[in-house]
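User: I'd like to practise reading surface patches and charged pairs in a model. Could you walk me through it?

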Amino acid sequence: MAIDISKIKTSREVEKTLQTLSPFEIKNELIHLADESALKSTAITLNAGRGNPNWIATVPREAFFLFGQFALEECRNVFEEQGIMAGIVQNKNGVASRFETNL
């Protein structure tokens with residue numbers, strides 16, 4: 001659904017105030033405005049703002065976990081090379097190619 005930005009009217013003062021708010025404060029203000037609007041309307045407002053908003057973002061999560069698995073494997077290699085549990089990878093040369101190989 002496209003928003004017609006020509007209908008959005010705000011003053012510089014309001015813009016400056018909004019810039020000082022955190023995303024959570026803005027969310028709360030939008031919920032408050034929706035609740036006020038709902039009192040004047042017969043339409044029902046659904047508040048789906050609870051929980052983790054990124055729960056469905058599977059691609060970035062898979063990439064994050066894949067990278068984490070690679071990092072663990074690199075640390076395990078330090079264990080094999082130096083006889084310690086895990087450590088910081090000293091051999092940074094070729095790290096990109098090792099990552100691509102593990103994909």
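Analyst: What follows goes through salt bridges, then burial, then a surface patch. Keep in mind that this is a predicted model.

User: Okay, salt bridges to begin with. What's the general idea, and how many does a search of the whole structure find?

Analyst: The general idea is that side chains of opposite charge can pair when their charged atoms come close. Here, a search of the whole structure turns up three salt bridges.

User: Let's take Glu 15. Which residue does its side chain meet in a salt bridge?

Analyst: That would be Arg 12, with an N to O distance of 3.2 Å. Both residues sit in helix H1, three residues apart, which is about one turn of the helix.

User: And are Glu 15 and Arg 12 buried or exposed?

Analyst: To sort residues, look at relative accessible area: under 20% is buried, over 50% is exposed, and partly exposed lies in between. Glu 15 has 29%, so it is partly exposed. Arg 12 is at 63%, so it counts as exposed.

User: What about Glu 73: which residue is its salt-bridge partner?

Analyst: Glu 73 pairs with Arg 76, and their closest N and O atoms are 3.8 Å apart. The two are separated by about one helical turn, because they are three residues apart in helix H3. Glu 73 is partly exposed at 33% relative accessible area, and Arg 76 is partly exposed too, at 45%.

User: Now Arg 98. Which residue does it form a salt bridge with, and how far apart are the closest N and O atoms?

Analyst: Arg 98 bridges to Glu 74, with the closest N and O atoms 2.7 Å apart. This pair links distant parts of the chain: Arg 98 belongs to helix H4 (residues 95-102) and Glu 74 to helix H3, with their positions 24 residues apart in sequence. The two side chains are also joined by a polar contact of 2.7 Å.

User: How do the two ends of that bridge read: is Arg 98 buried or partly exposed, and is Glu 74 buried or exposed?

Analyst: Use the cut-offs again. Arg 98 has a relative accessible area of 23%, so it is partly exposed. Glu 74 has 6%, so it is buried.

User: What does Glu 74 touch, not counting residues up to four places away in sequence?

Analyst: Leaving out those sequence neighbours, Glu 74 touches Val 89, Val 95 and Arg 98. Its place is in helix H3, which runs over residues 58-82.

User: Val 78 is in helix H3 as well. Is Val 78 buried or exposed?

Analyst: Val 78 counts as buried, because its relative accessibility is 3%. For a feel of the fold around it, compare sequence with space: Val 78 and Gln 90 are 12 residues apart in sequence, and their C-alpha atoms are 7.9 Å apart.

User: Last topic, the surface. Which residues form the nonpolar patch?

Analyst: When you read a patch, ask who is in it and which elements supply them. Here the members are Val 14, Leu 18, Ile 26, Leu 30 and Leu 33, and together they have about 400 Å² of accessible area. Helix H1 (12-19) and helix H2 (23-39) are the elements giving two or more residues to it.

User: Which element gives the most to the nonpolar patch?

Analyst: H2 does, with three residues. For a member from the other helix, take Val 14, found in helix H1. Val 14 has a relative accessible area of 39%, so it is partly exposed.

Methods. Residues are numbered from 1 along each chain as its sequence is written. This is a predicted model: local features need pLDDT of at least 70, side-chain atom pairs count only at pLDDT 80 or more; totals for chains, interfaces and linings use all residues. Side-chain values use heavy atoms; hydrogens and water are left out. Patches are made of residues with over 30% relative accessible area and no salt bridge: like charges are joined within 9 Å, nonpolar side chains (Val, Leu, Ile, Met, Phe, Trp, Tyr) within 5 Å. Accessible areas come from the Shrake-Rupley method with a 1.4 Å probe; for residues, only the protein chains shown count as cover. A salt bridge is a side-chain nitrogen of Lys or Arg within 4 Å of a carboxyl oxygen of Asp or Glu. Helices (H or I, at least four residues) and strands (E, at least two) are DSSP runs, numbered from the N terminus. Buried means under 20% relative accessible area, exposed over 50%, partly exposed in between (1.4 Å probe, protein chains only). A polar contact is a pair of N or O atoms within 3.5 Å; within protein, one must be able to donate a hydrogen and the other to accept it, and residues adjacent in sequence count only if both atoms are side-chain atoms. Contact means heavy atoms within 4.5 Å.
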